[in-house]
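Please open the model in a viewer and keep the selection tool at hand. The tour below proceeds stop by stop, stating what to select and what is found there.

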Amino acid sequence: MGRKIRPMQTRLELIHGDIMDAEVDAIVNPTDLVLSGGGGLDFVIRQAAGSEVDRECEEILENRGGCQTGEAVPTSAGNLSAKYIIHTVGPIWIGGGIGEPKLLESCHRECLQLAVEKGIQSIAFPAISTGTFRYPLEKAAPVALKTVKEFVEYAQQRGDRAPELIQFFLFQEKAYVCYVKALSDLGFRLSCLLGEDT
């Protein structure tokens with residue numbers, strides 16, 4: 001039997017698989033500045049979600065000019081089983097010297113902050129920026145996982161409820177291996193509890 005999750009704990013899981021199979025309240029969609037749904041995973045998620053999400057993204061583009069790098073915006077999930085899609089714009093990798101790690105941190109933190117604000121109890125992330133934006137997996141994984149760990153710990157200190165379940169769906173084997181190593185380097189296993197009494 002697994003350990004019972006206490007009220008202020010979060011389970012973090014790494015899954016080698018397709019994020020479209022996630023059974024969560026919110027799916028994180030890596031998009032571009034104008035929420036175009038134009039390529040990669042963004043295209044797959046938006047195609048599956050349907051026209052309702054397209055309309056919401058167009059409204060966000062009209063009202064606030066899209067979404068800046070490191071930011072996140074929520075929409076409904078349309079035809080998906082989730083309640084929300086959280087769209088975030090990851091940094092394009094240009095060698096790491098123009099603030100890419102800070103921007104990648106911000107993506108994960110903003111998504112989780114929206115989850116707290118909306119009472120989202122479970123959220124699934126892909127490996128943000130590691131596809132067409134060329135962020136090296138071995139550099140992205142430690143940033144993503146450390147940011148999640150620190151967010152959960154800080155949420156507890158503030159008395160906020162972080163999501164009970166945070167999953168990373170890693171489609172490519174190389175991505176899965178990199179995230180497993182990064183999580184191990186933080187002292188955790190594939191499925192672990194963050195927060196009090198870990």
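## First stop: asparagine 29

Select asparagine 29 and display its surroundings: leaving aside residues up to four places away in sequence, asparagine 29 touches Leu41, Asp42, Ile45, Arg46, Ile85, Ile86, His87 and Thr88. The model on display is a predicted one. Asparagine 29 belongs to strand 2. Is this residue buried or exposed? Asparagine 29 counts as buried because its relative accessibility is 0%, and buried means under 20%. To check a distance in the viewer, pick the C-alpha atoms of asparagine 29 and arginine 46; they are separated by 8.6 Å, while the two residues are 17 residues apart along the chain.

## The loop between strand 2 and helix 1

Proceed next to threonine 31, which lies in the loop between strand 2 and helix 1. Threonine 31 is buried, its relative accessible area being 4%. What does threonine 31 touch, not counting residues up to four places away in sequence? The contacts of threonine 31 are Ser36, Gly37, Asp42, His87, Thr88, Val89, Gly90 and Phe133. Asp42, His87 and Thr88 are listed for asparagine 29 and for threonine 31, and may be highlighted with both residues.

Within this loop, select valine 34, found between strand 2 (26–30) and helix 1 (40–49). Valine 34 has a relative accessible area of 44% and is therefore partly exposed. Now add Leu33 and Leu61 to the selection: together with Val34 they form a nonpolar patch on the surface, with about 230 Å² of accessible area together.

Leucine 35 is the next residue to select, and it too lies in the loop between strand 2 and helix 1. At 2% relative accessibility, leucine 35 counts as buried, whereas valine 34 is partly exposed. Attention should also be given to the backbone here. Most residues other than glycine have a negative phi. Leucine 35, although not a glycine, has a positive phi of about 55°.

## Another positive phi: serine 129

Move to serine 129, whose place is in the loop between strand 5 and helix 4. Phi of serine 129 is near 75°, a positive value in a residue other than glycine. Serine 129 counts as buried, with a relative accessibility of 7%.

## Helix 3 and its surroundings

Select residues 100–118 to show helix 3, which has 19 residues. From its first C-alpha to its last, helix 3 reaches 27 Å, close to the 27 Å expected at 1.5 Å a residue. Which residues of helix 3 are buried? They are Glu100, Leu104, Ser106, Cys107, His108, Cys111, Leu112, Leu114, Ala115 and Val116.

With those residues shown as side chains, colour the elements against which they pack: strand 2, strand 3 (72–76), strand 4 (84–88), strand 5, helix 4 (137–158) and strand 6. Just after helix 3, select glycine 119, which takes a positive phi of about 70°.

## The aromatic cluster

How many aromatic pairs does a search of the whole structure find? The search finds three. One of the pairs consists of phenylalanine 125 and phenylalanine 168, which are stacked, 5.2 Å centre to centre and with 15° between the planes. Phenylalanine 125 lies in strand 5 (residues 122–125) and phenylalanine 168 in strand 6 (residues 165–170), so this pair ties together parts that are 43 residues apart in sequence. Phenylalanine 125 is buried at a relative accessible area of 0%, and phenylalanine 168 counts as buried at 0% relative accessibility.

Keep phenylalanine 168 selected and add tyrosine 179. The ring centres of phenylalanine 168 and tyrosine 179 are 5.6 Å apart and the planes are at 40°, so the pair is tilted. As tyrosine 179 lies in helix 5 (residues 173–185) and phenylalanine 168 in strand 6, the pair ties together parts 11 residues apart in sequence. Tyrosine 179 is buried, with a relative accessible area of 0%. Ring pairs thus link Phe125, Phe168 and Tyr179 into a cluster.

## Last stop: glutamine 9

Finally, select glutamine 9 in strand 1 (residues 9–16). Glutamine 9 counts as buried, at 2% relative accessibility. Pick its C-alpha atom and that of alanine 49: they are separated by 31 Å, and the residues are 40 residues apart along the chain.

Notes: Residues are numbered from 1 along each chain as its sequence is written. This is a predicted model: local features need pLDDT of at least 70, side-chain atom pairs count only at pLDDT 80 or more; totals for chains, interfaces and linings use all residues. Side-chain values use heavy atoms; hydrogens and water are left out. Patches are made of residues with over 30% relative accessible area and no salt bridge: like charges are joined within 9 Å, nonpolar side chains (Val, Leu, Ile, Met, Phe, Trp, Tyr) within 5 Å. Accessible areas come from the Shrake-Rupley method with a 1.4 Å probe; for residues, only the protein chains shown count as cover. A salt bridge is a side-chain nitrogen of Lys or Arg within 4 Å of a carboxyl oxygen of Asp or Glu. Helices (H or I, at least four residues) and strands (E, at least two) are DSSP runs, numbered from the N terminus. Buried means under 20% relative accessible area, exposed over 50%, partly exposed in between (1.4 Å probe, protein chains only). Rings of Phe, Tyr and Trp (its six-membered ring) pair if their centres lie within 6.5 Å; planes under 30 degrees apart count as stacked, over 60 as edge-to-face and the rest as tilted. The expected span of a helix is 1.5 Å times one less than its number of residues. Contact means heavy atoms within 4.5 Å.
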